Amino acid sequence: MVHWRTWAVGRTFAWILNQQKTMSQTQELKVAIIGLGAIGRTLAVNLTKGFRAVMLASRDYTAAQSLANELGDFAQPRELSAAVDEADIIVLAIWFDAIGEFLQQFATQLDGKIIVDPSNPIAPDPKGGFIKIIGETESAGQINASLLPKGAKLAKAFGTLGAASLAQASGQTPEQAVLFYATDDHSIQSAIEELIIDAGFEPLHVGGLDQSIRLEVFGDLHEFGALGKTVLLDEAKEKLLNPDLAK
């Protein structure tokens with residue numbers, strides 16, 4: 001059990017760090033969230049609460065304006081093309097089957113960008129649940145990696161929890177809930193981990209994009225798969241190394 005004095009000191013230190021962040025925002029990588037559905041909106045809320053500036057973009061610009069007004073100074077609306085141009089990190093909070101078209105449409109502009117993919121390859125089924133819309137052994141992460149424009153870098157992140165848990169577990173104390181992520185590119189790990197931390201979670205790298213299937217719906221590290229819940233770091237590490245424990 002964490003003593004309340006330790007917890008209070010930790011919270012004070014975190015507050016000081018966050019205040020320092022407000023003075024150094026221009027030095028950070030710029031983030032754009034594309035798509036303002038449940039996941040995109042929740043992530044925007046979490047990041048702005050963590051004092052991370054975000055650009056918001058959607059095919060409906062008025063929706064981006066409305067959410068930016070609601071979130072305050074750390075959120076700014078952008079047209080789609082402008083968001084892609086300005087951002088260093090682009091979170092594609094859009095449906096899986098729309099990602100290929102997006103990558104093709106903005107291929108030239110995505111050169112040098114970090115793409116964050118939270119997508120899950122699912123669709124509603126007639127019984128009120130969801131079904132996987134790609135092959136049983138395929139993953140959205142690997143499929144999207146194969147479509148990635150030249151010069152872009154990909155990470156699979158922010159898709160292992162449903163929107164409700166992504167909202168409720170953000171910034172929990174005394175220990176933060178884990179968000180798993182995968183990438184083949186070690187050069188972007190620190191940027192992804194900083195983004196996860198700013199969103200109020202503990203990052204845990206699971207490996208390359210060949211591990212994406214574990215992070216997607218029905219996977220052993222997904223809330224709506226074998227994992228079934230949010231987890232703290234020790235349990236997350238145990239389940240990462242021993243997949244059978246998540247079943």
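The dialogue below covers the strands, helices, aromatic pairs and salt bridges of a predicted model.

Me: Which conventions apply to the numbering and the model?

Reply: Residues are numbered from 1 along each chain as its sequence is written, and side-chain values use heavy atoms, with hydrogens and water left out. As the model is predicted, local features need pLDDT of at least 70 and side-chain atom pairs count only at pLDDT 80 or more, while totals for chains, interfaces and linings use all residues.

Me: How do I read the sheet, and in what order do its strands run?

Reply: Strands of a sheet pair through backbone hydrogen bonds, either parallel or antiparallel. Helices (H or I, at least four residues) and strands (E, at least two) are taken as DSSP runs, numbered from the N terminus; two strands pair if DSSP finds at least two bridges between them. Here 8 strands form an open sheet with mixed pairing, in the order β3-β2-β1-β4-β5-β8-β9-β10. Its edge strands are β3 and β10 (202-207), each of which pairs on one side only. Direction ignored, neighbouring strands of this sheet are turned by 30° against each other on average.

Me: Which strands does β2 pair with, and in which sense, parallel or antiparallel?

Reply: β2 pairs with β1 (residues 31-34) in the parallel sense over 4 bridges, and with β3 in the parallel sense over 4 bridges. Leu 56 of β2 is the bridge partner of Ile 33, and on the β3 side the partner of Leu 56 is Pro 77. Ala 57 in β2 stands opposite Ile 34.

Me: Where do the side chains of β2 point, and are they buried or exposed?

Reply: For burial, the scale is relative accessible area: under 20% is buried, over 50% exposed, and partly exposed in between (1.4 Å probe, protein chains only). Val 54 and Leu 56 point one way from β2, Met 55 and Ala 57 point the other way, and all are buried.

Me: What hand do the β-α-β units around β2 have?

Reply: A crossover is right-handed if, with the strands pointing away from the viewer, the path from the first strand over the helix to the second runs clockwise. The unit made by β1, α2 and β2 is right-handed, and β2, α3 and β3 also make a right-handed unit.

Me: Which strands do helices α2 and α3 touch?

Reply: Contact means heavy atoms within 4.5 Å. For directions, axes are lines fitted to C-alpha atoms, for helices over the stretch in contact, and angles run from 0 to 180 degrees between N-to-C directions. Helix α2 packs on the sheet and touches β1, β2, β3 and β4 (89-92), its direction making about 155° with that of β1. Helix α3 also packs on the sheet, touching β2 and β3, and its direction makes about 170° with that of β3.

Me: How many aromatic pairs are there?

Reply: A pair of aromatic rings is described by the distance of the centres and the angle of the planes. Rings of Phe, Tyr and Trp (its six-membered ring) pair if their centres lie within 6.5 Å; planes under 30 degrees apart count as stacked, over 60 as edge-to-face and the rest as tilted. The count by this rule is 2 aromatic pairs. Phe 51 and Phe 74 have ring centres 5.9 Å apart and planes at 80°, so this pair is edge-to-face. Phe 51 lies in the loop between α2 (38-49) and β2 (54-57), and Phe 74 in the loop between α3 (61-71) and β3 (75-78), so the pair ties together parts 23 residues apart in sequence. Phe 51 is partly exposed at 22% relative accessible area, and Phe 74 is partly exposed at 22%. The pair of Phe 102 and Phe 106 is tilted, at 4.8 Å centre to centre and 45° between the planes. Phe 102 is buried at 2%, and Phe 106 is buried at 5%.

Me: Which residues does Arg 52 meet in salt bridges?

Reply: Side chains of opposite charge can pair when their charged atoms come close. The criterion is a side-chain nitrogen of Lys or Arg within 4 Å of a carboxyl oxygen of Asp or Glu, and the whole structure has 9 salt bridges. Arg 52 forms one with Glu 28, the closest N and O atoms being 3.2 Å apart, and another with Asp 198 at 2.8 Å, N to O. Asp 198 lies in helix α8 (residues 189-198) and Arg 52 in the loop between α2 and β2, so their pair ties together parts 146 residues apart in sequence. Salt bridges that share partners join Glu 28, Arg 52 and Asp 198 into one network. Arg 52 is buried at 1% relative accessibility, Glu 28 at 13% and Asp 198 at 8%.
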